[in-house]
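Please walk me through this structure. I am new to it and would like a short guided tour.

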Amino acid sequence: MQKRSRLLLLPLIVLTSCAKIPPAGTFEPPKLLRVTFALRGEVQSSETGLPYYYFVTINRTDDAGASGPAPVVDRPWGNGFAAANSATGQGFVGFVAFNYRGPGYQVFSCESGGVLKNPVEGIFTPLGLPYQSTPVARGSKTLSFQVDLNTLPNKTLRYVQLNLIATNNVPQGAEEAPKLWDALGDGRSTGSLNQFITFDTRQNQLRRNSDDRREPTQNDVRDHVNALVDEPNLDIVDWEIEYRN
């Protein structure tokens with residue numbers, strides 16, 4: 001078992017892209033969620049020749065115990081990467097992706113034509129770049145960005161539920177397909193695979209894996225729900241998430 005020294009995410013990485021300014025008279029102060037997570041290996045993209053996919057799925061709800069976002073790890077694939085952790089839940093209302101439907105970061109809403117869709121349908125509306133993000137250089141181990149929660153559906157609801165997902169494939173349909181993945185939780189134990197985080201937006205919060213300990217620093221990448229696979233470029237080993245009202 002490979003051991004790794006504690007990964008330091010502080011001091012915070014300087015975020016470099018410009019904030020979007022709405023037209024005069026329509027300004028709404030942003031409600032920012034800052035997300036940083038690190039891999040045991042390196043972020044992969046079309047530039048590296050190994051286009052892996054990295055997602056931060058976000059749900060809004062008034063029920064702290066509602067079904068939250070969980071990785072899709074086997075057939076039927078639905079959208080190929082995430083769904084609710086129960087058959088009847090919404091799961092998530094939007095997400096930030098890296099290397100999905102285009103290079104780099106993109107924000108997506110599950111709302112289409114004013115209607116909130118079940119994300120398993122794969123009908124997503126692109127919203128453009130995150131509020132801020134850190135460029136990902138070749139060899140980088142870290143993804144870091146800020147997203148304005150006011151740009152996503154259900155923005156007045158109290159709780160935010162969030163999951164981090166890394167995968168080598170986003171399959172569609174019901175056919176067998178390759179699927180390596182990691183998400184929040186200890187993938188070495190099948191009883192802890194759905195470990196999304198819940199934030200109360202009535203208070204500012206900073207959460208770290210160094211305190212929470214839900215994500216191990218040892219390999220926990222799985223092949224479907226089968227054996228562990230040593231793929232460091234998908235292995236999430238550290239994270240830090242901050243909400244500011």
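The tour below goes from the nonpolar cores to the aromatic rings, and then to a few single residues.

This is a predicted model. Begin inside, with the largest nonpolar core. It holds 32 residues. Six of them touch the most other members: Leu33, Val35, Phe37, Tyr54, Ile58 and Leu164. Many strands feed this core. Those giving two or more residues are β1 (32-39), β2 (53-61), β5, β6 (105-109), β11 (142-148), β12 (159-167), β14 (197-200) and β17.

Take Leu164 as a guide. Beyond its neighbours within four places in sequence, Leu164 is in contact with Val35, Phe37, Phe55 and Val56, among others. Its contacts also include Asp182, Ala183, Leu184, Ile236 and Trp239. A second core stands separate from the largest one. This second core has 15 residues, among them Phe81, Tyr100, Cys110 and Val170.

Now turn to the rings. The whole structure contains 15 aromatic pairs. One of them joins Phe81 and Phe92, with ring centres 5.9 Å apart. Their planes meet at 45°, so this pair counts as tilted. Phe81 sits in the loop between β3 (69-71) and β4 (82-84), while Phe92 sits in the loop between β4 and β5 (94-98). The pair therefore ties together parts that are eleven residues apart in sequence. Both Phe81 and Phe92 are buried. They also belong to one aromatic cluster, together with Phe55, Phe95, Tyr100, Phe108 and Phe124.

Another ring has a charged partner. The charged end of Arg207 sits over the ring of Phe199, 5.3 Å from the ring centre.

Next, look at Asp235. It lies in the loop between β16 (222-223) and β17 (236-244). Is Asp235 buried or exposed? Its relative accessibility is 0%, so Asp235 counts as buried. Which side chain makes a polar contact with the side chain of Asp235? The partner is the side chain of Arg40, at 2.7 Å. Arg40 is also among the residues in contact with Asp235 once neighbours within four places in sequence are set aside. The others are Ala38, Leu39, Asp182, Gln218, Asn219, Asp220 and Val221. Asp182 appears among the contacts of Leu164 too.

Finish with Thr156, in the loop between β11 and β12. Thr156 has a relative accessible area of 72%, so this residue is exposed. Along the chain, Thr156 and Thr61 are 95 residues apart. In space, their C-alpha atoms are separated by 8.8 Å.

Definitions and conventions:
Residues numbered from 1 in each chain as written. Predicted model: local features only at pLDDT ≥ 70, side-chain atom pairs only at ≥ 80, totals over all residues. Heavy atoms only, no water. Helix = DSSP H or I, 4+ residues; strand = E, 2+ residues; numbered from the N terminus. Buried < 20%, exposed > 50% of the residue type's maximum accessible area, 1.4 Å probe, protein only. Polar contact = N/O pair within 3.5 Å; in protein donor to acceptor, adjacent residues only side chain to side chain. Contact = heavy atoms within 4.5 Å. Phe/Tyr/Trp six-rings, centres within 6.5 Å; stacked < 30°, edge-to-face > 60°. Lys NZ or Arg CZ within 6 Å of the ring centre and 35° of its normal. Core = buried A, V, L, I, M, F, W, Y, C linked by side-chain atoms within 4.5 Å.
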